[in-house]
Each structure stands twice: as C-alpha cells, then as structure tokens.
Amino acid sequence: MAGNWKMNLNHLEAIATVQKLGFSLTDEDLAACEVAVLPPFTDIRSVQTLVDGDKLDIRYGAQDLSTADKGAYTGEISGAMLAKLGCTYVVVGHSERREMHAETDAVVSAKAQAAYRHGLVPIVCVGEGLEVRQAGNQVEHTLAQIDGSLAGITAAQAETVVIAYEPVWAIGTGEVATPADAQEVCGAIRGRLAELYSPELADKVRVLYGGSVKASNVAAIMSEPDVDGALIGGASLDPDEFVAIARFRLHPADAS
Ligand SMILES: O=C(CO)COP(=O)(O)O
C-alpha cells in the first residue's frame, strides 16, 4: 500500500503523520502488508530521520525524478539524490505529471531508466482518461502506455518494477472504478508483461490500482486476482485511514 501525498503536508506535518503511522502499524500489520509513503521532496529528509531513528519498517520514496543524473537542470532532483536519502521507490508517469508537465511515454521510460541507474524501484503509472473509457478503449490505451513507458527496461530491471493502474477519471473524484473495471485492466497489464518479458516475471510484478481508494472500498478491489496493492492519494493523508487501508484483510470485501 503506497501513499502518494502529492503536494500536501509540509515537513512538520510529515513528521506527525509518519509518527502516527509508526505508532499504529504493528509488526503483524507490516508483515502482512508492505507500506510506503511518497512525500514531497522537501519532506524526505525528515521522513528518513524518523524511519531510521525509530527503526520503522515503512518504505518511502519520491513522486518524480529527473531523467538526468547531474548538472545544469534547475529545479530538478536526481535519482542519486533520492538514493542518498534512502528512498526505495519513485513514482514515474503519474497522470498529473503526464497532463500538467506534458510527460510522454518516452519521458516516463527515461525516468524509469534513471531510477534503475540509482537502485530505485519505479512505480510506473498508467491509465486512461474519461473519453477513452467512454469509448471502451481503456485496455488498448493503457497497454500502449505500458509498451512506451517500459521501453528500454530490461527483464532484470522489470522483475522489480511496480505498475500502478490509475484511471484518470477515478483520481480524486470519489468515483472509484469497480473491482471488475480494475481487474480488467490490471489483468491485461499482467498479460502484456508476460508477452514483453515472461509469464514468470509477470507473476512477480506488483500491479497496483489507484483512484479514490479508501478503507471502505479497498477490500473489494484487493479481492481481484490481478490487483496486488493500491496507490492511495487523499486517503493516505489521514494516518488512521491509511492504517485501516493497510489492514484491508480485516474488512469485508463487499463493503461499499
Ligand atoms: O492519484 C492517486 C494516487 O497516485 C489517487 O488519488 P486519490 O486516492 O486521491 O483518488
């Protein structure tokens, strides 16, 4: 379960949030479910200090990185800098960056490659907008994004990649995809990974669903065979809600 904080929570709020997570999540919870937070860049040092100091079994990472490793790139953050701060993950190709920063699949692939150069695991985001969904082209569209975003990623790298299927129309709207909608595309993604790499590799890759996930709907989504986890925006800002999401196995899968 990965919490994408987006541009929310300053470093003081980040400390309070991670402390609460660290206090609430038991060893049992963390043995059953990996938990990661993806704060803004300015919070990462604070999160690192807490996680290291309190020996919390929580992973953390960033929401973006530069395609370049070093140099005259004003405002950019390199994979090397994130690795130095102990990041495990980095989100690449979130729909908000694809839309607002015109990131193409080629850019996303370059960012995923930059992540691997520094030992970071990319969480590669894909997913269709409302018009594509209404036209019924969600599978075709999302698989084309997979092809483009994973271009240049070797099998050895792809073994660890995390894919997040986030239908744009379900992000921050309260409009959650049905479990069957999530399964349709997540299953197709796994099928494409099998074609691009191998069925064995495809089975190992974690495919997440994202879009209005909360404690009350997570169990139903997680009951689908090809949904291995969730990328959570708004609900991850509330530590109690995020902990309840991480405990999805305790909720009935038919809650709505
Ligand atoms: O974009 C998302 C996670 O990356 C989903 O955001 P919400 O959970 O707020 O819909």
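## Exercises on a predicted model

β3, helix α4 (residues 79-84) and β4 form a right-handed β-α-β unit. The model is a predicted one, so keep that in mind as you work through the exercises below.

**Exercise 1. Find the strands that pair with β4, and say in which sense they pair.**

Solution. Start with strand β3 (residues 59-62): this strand and β4 are paired in the parallel sense, over two bridges. To locate the pairing, look at Gly61, whose bridge partner in β4 is Tyr89. Next, turn to strand β5 (residues 121-126), which also pairs with β4 in the parallel sense, here over four bridges. A good place to look is Val90, which stands opposite Pro122 in β5.

**Exercise 2. Work out which way the side chains of β4 point, and whether they are buried or exposed.**

Solution. Walk along strand β4 (residues 89-92). Tyr89 and Val91 point one way, while Val90 and Val92 point the other way. Now check burial: all of these residues are buried.

**Exercise 3. Locate the residues of the UniProt "binding site" feature and describe how they are arranged in space.**

Solution. The UniProt record, an unreviewed entry, places this feature at Asn4, Trp5, Lys6, Gly172, Ser212, Gly233 and Gly234. These positions are spread over 231 residues of sequence, yet they cluster in space, with a largest C-alpha distance of 13.8 Å.

**Exercise 4. Compare Gly172 and Gly233: is each one buried or exposed?**

Solution. First place them. Gly172 is in the loop between β6 (162-165) and α10 (179-196), and Gly233 is in the loop between β8 (229-232) and α13 (239-246). Then count neighbours. Gly172 is exposed because 12 other C-beta atoms lie within 10 Å, and the cut-off for exposed is 12 or fewer. Gly233 has 21 C-beta neighbours inside 10 Å and therefore counts as buried, since the cut-off for buried is 20 or more. Finally, look at contacts, leaving aside neighbours within four places in sequence. Gly172 is in contact with Gly233 and Gly234. Gly233 is in contact with Asn4, Lys6, Ile171 and Gly172.

**Exercise 5. Describe the surroundings of Phe242.**

Solution. Begin with its place in the fold: Phe242 lies in helix α13. Phe242 is buried because 24 other C-beta atoms lie within 10 Å. Not counting residues up to four places away in sequence, Phe242 touches Gly3, Leu21, Ile232, Ala235 and Ser236. As a last step, find Leu25: this residue and Phe242 are 217 residues apart along the chain, and their C-alpha atoms are separated by 9.8 Å.

Note on methods: Residues numbered from 1 in each chain as written. Predicted model: local features only at pLDDT ≥ 70, side-chain atom pairs only at ≥ 80, totals over all residues. Pairing = 2+ DSSP bridges. Right-handed = clockwise from strand over helix to strand, strands pointing away. UniProt positions renumbered as here; feature names shortened; annotations may be inferred. Contact = placed C-beta atoms within 7 Å.
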